[in-house]
Amino acid sequence: MENIVLNLPAVISAILLIVAILVVITNIIVQVVKKATWDKIPTNLLVVIVSMLLTVGVFLAIFQIRAVAITWYMIAAVLILGIFVAYAAMFGFDKFREALEQINRYKR
């Protein structure tokens with residue numbers, strides 16, 4: 001724990017990088033699964049499920065690789081981080097698509 005506190009800026013930047021990668025992977029998986037399920041599952045629910053599974057899986061793998069003891073507050077933090085990933089995946093992609101559409105409209 002003392003090591004994490006001493007390297008807090010590096011830990012925060014690593015977590016933000018992992019979250020950004022998880023958002024991209026979540027968007028890709030949701031787009032593929034959404035096409036495969038023919039829109040039978042609501043997209044927002046699918047995003048939450050995929051993001052939670054990915055986030056928990058990735059952080060459990062990181063904890064296992066780094067031999068970190070998992071405590072209750074780490075699990076709570078990972079679940080909250082999964083909600084952040086879902087939020088960013090749901091609304092970040094929509095805003096990005098809207099921005100691209102606006103750019104295309106201005107070009108015409």
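**A buried asparagine and its helical surroundings**

With a relative accessibility of 17%, Asn27 counts as buried, because the cut-off for burial is under 20% relative accessible area. The structure described here is a predicted model. Asn27 lies in helix α2, which covers residues 8-37. When residues up to four places away in sequence are set aside, Asn27 touches Ala89 and Phe93. Of these two, Ala89 is itself listed among the buried residues of α4.

The protein contains four helices and zero strands, and its elements follow the order α-α-α-α from the N terminus on. Its C-alpha atoms fill a box of roughly 55 × 35 × 20 Å along the principal axes. The radius of gyration is 17 Å, whereas a compact globule of 108 residues would have a value near 13 Å. Buried residues account for 22% of the 108 residues. The exposed surface amounts to about 8,100 Å², of which carbon and sulfur atoms supply 72%. Among contacts with a separation of 6 or more, 66% are between residues 24 or more positions apart.

Helix α2 has 30 residues, which should span 44 Å at 1.5 Å a residue; the end C-alpha atoms are 42 Å apart, in agreement with that expectation. The buried residues of α2 are Val19, Leu22, Val23, Thr26, Asn27, Val30, Lys34 and Thr37. The set thus includes Lys34 as well as Asn27. In general, an α-helix has 3.6 residues a turn, so residues three or four places apart point the same way. The cover over the buried residues of α2 includes α3 and α4. Just after α2, Trp38 takes a positive phi of about 55°.

Helix α4 consists of 36 residues and reaches 52 Å from its first C-alpha to its last, close to the 52 Å expected at 1.5 Å a residue. Met74, Val78, Leu81, Gly82, Val85, Ala86, Ala89 and Met90 are the buried residues of α4. What covers them includes α2 and α3.

The largest nonpolar core holds 17 residues, and those with the most contacts inside it are Val47 and Phe59. Helices α2, α3 (43-65) and α4 each supply at least two residues of this core. The largest share, seven residues, comes from α4. Apart from neighbours within four places in sequence, Val47 is in contact with Thr26, Val30, Ala86, Ala89 and Met90. Thr26 and Val30 belong to the buried residues of α2, while Ala86, Ala89 and Met90 belong to those of α4. Ala89 is therefore a contact of Asn27 and also of Val47, where contact means heavy atoms within 4.5 Å.

A positive phi also occurs in the loop between α3 and α4, where Ala67 is found. Ala67 has a phi of about 55° although it is not a glycine. Most residues other than glycine have a negative phi. Ala67 counts as exposed, at 68% relative accessibility.

The count of aromatic pairs comes to three, taking ring centres within 6.5 Å. One of them joins Trp72 and Tyr73 in an edge-to-face arrangement, with 5.7 Å from centre to centre and 85° between the planes. Trp72 is exposed at 68% relative accessibility, and Tyr73 is partly exposed, with a relative accessible area of 40%. Another pair is formed by Tyr87 and Phe91, whose ring centres are 4.8 Å apart; the planes are at 55°, so this pair is tilted. Tyr87 and Phe91 are four residues apart in helix α4 (residues 72-107), which separates them by about one helical turn. Tyr87 is exposed, with a relative accessible area of 52%, and Phe91 is partly exposed, at 42%.

Conventions. Residues are numbered from 1 along each chain as its sequence is written. This is a predicted model: local features need pLDDT of at least 70, side-chain atom pairs count only at pLDDT 80 or more; totals for chains, interfaces and linings use all residues. Side-chain values use heavy atoms; hydrogens and water are left out. Buried means under 20% relative accessible area, exposed over 50%, partly exposed in between (1.4 Å probe, protein chains only). Rings of Phe, Tyr and Trp (its six-membered ring) pair if their centres lie within 6.5 Å; planes under 30 degrees apart count as stacked, over 60 as edge-to-face and the rest as tilted. A nonpolar core is a set of buried Ala, Val, Leu, Ile, Met, Phe, Trp, Tyr and Cys residues joined through side-chain atoms within 4.5 Å. The expected span of a helix is 1.5 Å times one less than its number of residues. The radius of gyration is taken over C-alpha atoms; the globule rule is 2.2 Å times the number of residues to the power 0.38. Accessible areas come from the Shrake-Rupley method with a 1.4 Å probe; for residues, only the protein chains shown count as cover.
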